[in-house]
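Reader: Before I ask about particular residues, could the structure be put on the page, so that each answer can be checked against the coordinates?

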Amino acid sequence: MNAPFVSLCPEITRANALTLMDWLDDEDVTRFLSDSRHVSRLIEQVIGRVQLPILTHLFNQGGRFFMAYDQHDVPVGFVRLVKMGLDCEMVLVIGDRDNWGRKLGASAICEGMKLAFFEMRAERLIAKIHPENVRSLNAFLRSGFLPESETPTMKSLVMSSARYLRLLRERPVVHLGEIYVTEIDKARLRNLIDLEQDSDIFELEHEIERAIVVDPRKVAEDVVTMNSRALLQVNDEEVEVALVYPAEADDRAGKLSVCSGIGTAILGYKEGDAFSWRIPNRTCHIRIGKVLYQPEAEGDFDR
């Protein structure tokens, strides 16, 4: 797909911290960040004091911090989410000016909303933006945020969880294509989500919420449903996989749990679809080559 892609990664490395310092030294980047000088000094102190390769815990005090990566795994900005009761506030920065105008901000907002509403369980997500920061204002408004209040120095925009879910079902995610899930699979996956304790299960919840729900007797034969077998192109490697529930998963046999990174990724896509998906340490570029077997096509609705 040619749409802009951004993934948010919670791990912050020493190299990330140095990149952040470079961004925060650019006055055009920090023009509308009220605490940029304080943050820059704090990062400098951390780097000088702590000789660790991973600094994640130091960046998550008082909120959650995520590096934003593009489809080539190059850092392009950051997102900070601060939970305050049932509300959550988002701060978004695209750090390299060469990336401005590429709509990476809109993709980062989509990923931030996913985290705020599905993982952090916020009721409302708030963005406080300087009135002259037109680029950022437009990105949040196009993402569905609504004006809430305004002062001479700050506009407050808000997205409620109810509005977010409605918009998620009504229009496609910026960097992802349409996916389809059968009524039966959606019900079973909802039950799985209620029981599963894995911290990454929110990714699956997001996917089934945005999916177009279809009658199992009417789903196209080339769509990846539960217990389908498909031929995938993952980066430069061709692999045959079966999409299964966690209890049946066996990586050595090519049986991918729907709760796994690539398992969640392929659910609902059809032959020929190509997209990017972030797994813990890298971005995968996936193409659905061929659906080799689909239970619904065989009339097996009780599997």
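Reader: Which residue in β2 is the bridge partner of Cys-9?

Author: This is a predicted model, in which local features need pLDDT of at least 70 and side-chain atom pairs count only at pLDDT 80 or more, while totals for chains, interfaces and linings use all residues. Residues are numbered from 1 along each chain as its sequence is written, and side-chain values use heavy atoms, with hydrogens and water left out. Strand β1 (residues 7–9) pairs with β2 in the antiparallel sense over three bridges, where strands are DSSP runs of E with at least two residues, helices are runs of H or I with at least four, both numbered from the N terminus, and two strands pair if DSSP finds at least two bridges between them. Within β2, the bridge partner of Cys-9 is Met-67.

Reader: Which residue in β3 stands opposite Ala-68?

Author: β2 is joined to strand β3 (residues 75–84) by six bridges, and the two run antiparallel. They form a hairpin with five residues between them, and Asp-73 in the turn has a positive phi of about 65°. The residue in β3 that stands opposite Ala-68 is Gly-77.

Reader: How many of the six residues of β2 are buried?

Author: Buried means under 20% relative accessible area, exposed over 50%, and partly exposed in between, with a 1.4 Å probe and protein chains only. Strand β2 (residues 64–69) is largely enclosed by the rest of the structure, because its buried residues number five of six.

Reader: Which strands are the edge strands of the open sheet of seven strands?

Author: The seven strands of this open sheet follow the order β1-β2-β3-β4-β5-β7-β6, with mixed pairing. Neighbouring strands are turned by 30° against each other on average, direction ignored, the axes being lines fitted to C-alpha atoms (for helices over the stretch in contact), and angles running from 0 to 180 degrees between N-to-C directions. At one end, β6 is joined to strand β7 (residues 154–160) by five bridges, running antiparallel, and Glu-150 stands opposite Lys-155 in β7. The strands that pair on one side only, and are therefore the edges by the pairing rule of at least two bridges, are β1 and β6 (146–151).

Reader: What is the average twist from one strand to the next in the open sheet of five strands?

Author: This sheet has the order β12-β11-β10-β14-β13 and mixed pairing, with β12 (255–257) and β13 (274–279) as its edge strands. Three bridges join strand β11 (residues 237–244) to β12, and these two run parallel; in β12, Ser-257 is the bridge partner of Val-244. From one strand to the next, the twist averages 45°.

Reader: What is the arc covered by the buried residues of α8?

Author: Helix α8 (residues 183–195) has 13 residues, which at 1.5 Å a residue should span 18 Å (1.5 Å times one less than the number of residues), and its end C-alpha atoms are 19 Å apart, which agrees. Its buried residues are Asp-185, Lys-186, Leu-189, Leu-192 and Ile-193, whereas the face turned away from them carries the exposed residues Asp-194 and Leu-195. Taking the directions from the helix axis to the C-beta atoms, the buried residues lie on the same side of α8, because they cover an arc of only 120°.

Reader: What is the angle between the planes of Phe-140 and Phe-145?

Author: Rings of Phe, Tyr and Trp (its six-membered ring) pair if their centres lie within 6.5 Å, and planes under 30 degrees apart count as stacked, over 60 as edge-to-face and the rest as tilted. The structure holds six such aromatic pairs, among them the tilted pair of Phe-59 and Phe-65, at 5.2 Å centre to centre and 50° between the planes. Phe-140 is buried at 3% relative accessibility, and Phe-145 is buried at 1%. Their pair is edge-to-face, with 5.0 Å centre to centre and a plane angle of 90°.

Reader: Which ring does the charged end of Lys-114 sit over?

Author: A charge sits over a ring if NZ of Lys or CZ of Arg is within 6 Å of the ring centre and within 35 degrees of the ring normal. Arg-278 lies over the face of Tyr-69, at 4.7 Å from the ring centre. The charged end of Lys-114 sits 5.7 Å from the centre of the ring below it, which is that of Trp-277.
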